[in-house]
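Colleague: I would like to take a close look at one kind of contact in this model, and then to see what surrounds it in the rest of the chain. Please take it slowly and name the partners as you go.

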Amino acid sequence: MKDLPDDGFHVFDTTLRDGAQREGINLTVADKLTIARHLDDFGVGFIEGGWPGANPRDTEFFARAREEIDFKHALLVAFGATRKAGVSAANDPQVKALLDSGAPVITLVAKSHDRHVELALRTSLEENLEMIRDTVAHLRSQGRRVFLDCEHFFDGYRANAAYAKQVVATAHQAGAEVVVLCDTNGGMLPGQIEAVVRTVLADTGARLGIHAQDDTGCAVANTLSAVDAGATHVQCTANGYGERVGNANLFPVVAALELKYGRAVLPPGALSEMTRISHAIAEVVNLTPSTHQPYVGVSAFAHKAGLHASAIKVDPDLYQHIDPERVGNTMRMLVSDMAGRASIELKGKELGIDLGDDRALVGRVVERVKERELAGYTYEAADASFELLLRAEAEGRARRFFRVESWRAIVEDRPDGTHANEATVKLWAKGERIVTTAEGNGPVHALDRALRVGLERIYPQLAALELVDYKVRILEGKHGTESTTRVLVSTTDGKGEWSTVGVGENVIAASWQALDDAYAYGLLRAGVEPQE
């Protein structure tokens with residue numbers, strides 16, 4: 001049986017069980033295996049894989065994980081309940097399924113709130129203690145490490161502190177290595193958590209863990225407060241996934257332990273993989289990574305205000321609590337109408353464009369950005385469009401790979417209720433006039449296809465480009481019912497991704513501008529020389 005390099009502090013991940021209860025997440029066995037590999041690469045000590053015997057998917061996961069994953073850092077954990085009332089643990093089918101999973105560690109959930117024992121389990125308080133005692137002892141006798149989750153512990157402690165502590169003591173005396181205090185309803189606050197954990201630790205002598213839900217927005221703070229009080233086992237989920245509003249987020253908890261507490265809870269070098277791991281797991285569960293998530297969000301170290309940029313130019317630490325590279329993230333400068341000279345200079349440096357000491361050039365760019373944003377453009381999420389603007393100002397001309405003569409999009413409403421979308425594009429490239437027509441599943445798609453068909457013969461590099469995201473926002477109108485439309489397009493060439501922006505009096509005109517920038521930037525990335 002594998003032992004942790006340092007068993008003095010546990011980072012326990014329950015993404016595959018508790019995290020999978022989030023609305024919108026539905027993991028296949030293959031998904032669970034992929035996430036388990038990511039978590040093991042990150043270096044967590046324990047991965048709770050699910051409830052074997054409760055459903056075929058979790059039973060299959062444990063069978064395949066044993067065969068398909070060579071865990072380097074983590075121990076696989078099976079989750080289940082204590083035996084049923086009136087049945088010995090040795091004869092309980094659910095307990096047997098836990099053993100059959102082959103998991104070296106088993107986490108049992110038990111009632112610690114007296115009302116839950118009587119109303120949910122429909123048994124006596126003493127029988128509940130015996131269920132805990134018998135199940136823990138049986139699993140220990142079979143050579144398994146056992147943790148016990150005290151469900152609804154903090155609410156139970158408030159209702160009947162003596163009984164809640166008796167549950168902890170019983171599990172500890174029966175051989176549970178860790179007794180986890182669960183804020184199942186997520187209603188506790190940090191000061192309350194710390195006070196209870198200190199008292200329970202002193203009164204029972206058990207090794208304590210913490211499992212915090214985020215219903216008050218305090219799950220991470222509650223987890224760290226429990227650590228302050230003496231807990232040495234933290235249960236978390238990747239990106240805070242979980243039932244209702246979620247669980248304590250693994251990544252800020254681990255980052256705080258490593259960077260703020262100075263406690264090494266991961267293998268050396270693993271913390272720098274945190275951003276990658278967070279985003280990779282988000283992709284598997286098919287949820288867009290939170291841009292504003294602490295430490296790992298793309299906006300976690302993004303700076304917009306000119307005052308911040310001026311200070312960061314002198315010393316990045318003046319407006320950043322850590323070096324983002326320590327968690328695998330990067331500092332980003334956002335360009336907006338709030339930008340000053342320092343913002344533009346730093347953004348130019350980030351994009352590899354040396355503006356030197358040309359104050360006049362920087363001033364022109366600042367004014368150009370403010371003028372464009374007043375018209376509805378935004379460059380915070382459109383770095384590619386900003387780079388094209390910056391290069392045009394720096395070089396005194398726009399980089400043009402083609403010149404559009406005209407374009408047209410038609411939507412035909414047919415008698416059978418269907419619609420036909422057709423676009424025609426007339427343009428010039430390398431001295432040649434090109435006219436193309438294409439159909440699509442919408443007018444913008446038809447325009448994109450017509451533009452691509454027209455240009456791919458001249459620029460075969462465009463064949464690698466693919467639109468991966470498309471967002472439309474209607475901006476506030478200025479004259480009666482008139483409004484302005486802003487479109488953001490994300491494009492990839494298989495090696496990287498970039499975003500462009502277009503603004504127009506309607507969605508098609510705005511989309512055309514964004515597409516024009518997207519293809520121009522793609523050709524720039526491919527090293528193609530502009531024609532004019």
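With which residue does lysine 165 form a salt bridge, and how far apart are the closest N and O atoms?

Modeller: This is a predicted model, and everything that follows should be read with that in mind. The partner of lysine 165 is aspartate 203, and the closest N and O atoms of that salt bridge are 2.7 Å apart. Lysine 165 belongs to helix H7 (residues 161–174) and aspartate 203 to helix H8 (residues 190–204), so the pair ties together parts that are 38 residues apart in sequence. Aspartate 203 has a relative accessible area of 47%, so it counts as partly exposed. The pair qualifies as a salt bridge because a side-chain nitrogen of Lys or Arg has to be within 4 Å of a carboxyl oxygen of Asp or Glu. In general terms, side chains of opposite charge can pair when their charged atoms come close.

By this rule the model holds 28 salt bridges, and a few others can be set beside the one you asked about. Glutamate 393 pairs with arginine 364, with 3.4 Å between the closest N and O atoms. Here glutamate 393 sits in helix H15 (residues 383–395) and arginine 364 in helix H14 (residues 359–374), so this salt bridge ties together parts that are 29 residues apart in sequence. Glutamate 393 is partly exposed, its relative accessible area being 22%, and arginine 364, at 40% relative accessibility, is likewise counted as partly exposed.

Another case lies within a single helix. Arginine 64 and glutamate 68 form a salt bridge whose closest N and O atoms are 2.8 Å apart. Both residues lie in helix H2 (residues 56–68), four residues apart, which is about one turn of the helix. Arginine 64 is partly exposed at 28% relative accessibility, and glutamate 68 is partly exposed with a relative accessible area of 37%. There is, finally, a network of salt bridges that links Asp7, Arg140, Arg145 and Glu177. As for glutamine 142, it is placed in the loop between helix H5 (125–141) and strand S5 (145–151), where a relative accessibility of 43% makes it partly exposed. The C-alpha atom of glutamine 142 is 26 Å from that of leucine 33, a residue 109 positions away along the chain.

The salt bridges are one kind of contact, and the packing of two helices towards the end of the chain offers another. The axes of helix H16 (residues 443–456) and helix H17 (residues 507–525) come within 10 Å and cross at roughly 35°, and the crossing of H16 and H17 is right-handed. On the H16 side the contact is made by Pro443, Val444, Leu447, Asp448, Leu451 and Arg452, and on the H17 side by Ile508, Ser511, Trp512, Leu515 and Tyr519. Taken together, the residues of this contact are eight nonpolar, one polar and two charged.

Between those two helices in sequence comes a sheet. Three strands form an open, antiparallel sheet in the order S14-S15-S16. Its edges are strand S14 (466–475) and strand S16 (497–504), each of which pairs on one side only, and the twist averages 15° from one strand to the next. Nine bridges join S14 to strand S15 (residues 484–492) in the antiparallel sense, with leucine 467 standing opposite threonine 491 of S15. S15 and S16, which run antiparallel, are joined by eight bridges, and leucine 488 stands opposite valine 501 of S16. S15 and S16 form a hairpin with four residues between them, and in the turn glycine 494 has a positive phi of about 90°. S16 is mostly covered, with seven of its eight residues buried.

To place all of this in the whole, the protein chain has 17 helices and 16 strands, and its C-alpha trace spans about 85 × 60 × 50 Å along the principal axes. Of its 532 residues, 53% are buried. Among contacts in the chain with a separation of 6 or more, 68% are between residues 24 or more positions apart. The salt bridge of lysine 165 with aspartate 203, whose partners lie 38 residues apart in sequence, is therefore one to look at against that background.

Terms used
Residues are numbered from 1 along each chain as its sequence is written. This is a predicted model: local features need pLDDT of at least 70, side-chain atom pairs count only at pLDDT 80 or more; totals for chains, interfaces and linings use all residues. Side-chain values use heavy atoms; hydrogens and water are left out. Axes are lines fitted to C-alpha atoms, for helices over the stretch in contact, and angles run from 0 to 180 degrees between N-to-C directions. A crossing is left-handed if the near helix is turned anticlockwise from the far one by less than a right angle, and right-handed if clockwise. Contact means heavy atoms within 4.5 Å. Ala, Val, Leu, Ile, Met, Phe, Trp, Tyr, Cys and Pro count as nonpolar, Asp, Glu, Lys and Arg as charged, and the others, Gly among them, as polar. Two strands pair if DSSP finds at least two bridges between them. Buried means under 20% relative accessible area, exposed over 50%, partly exposed in between (1.4 Å probe, protein chains only).
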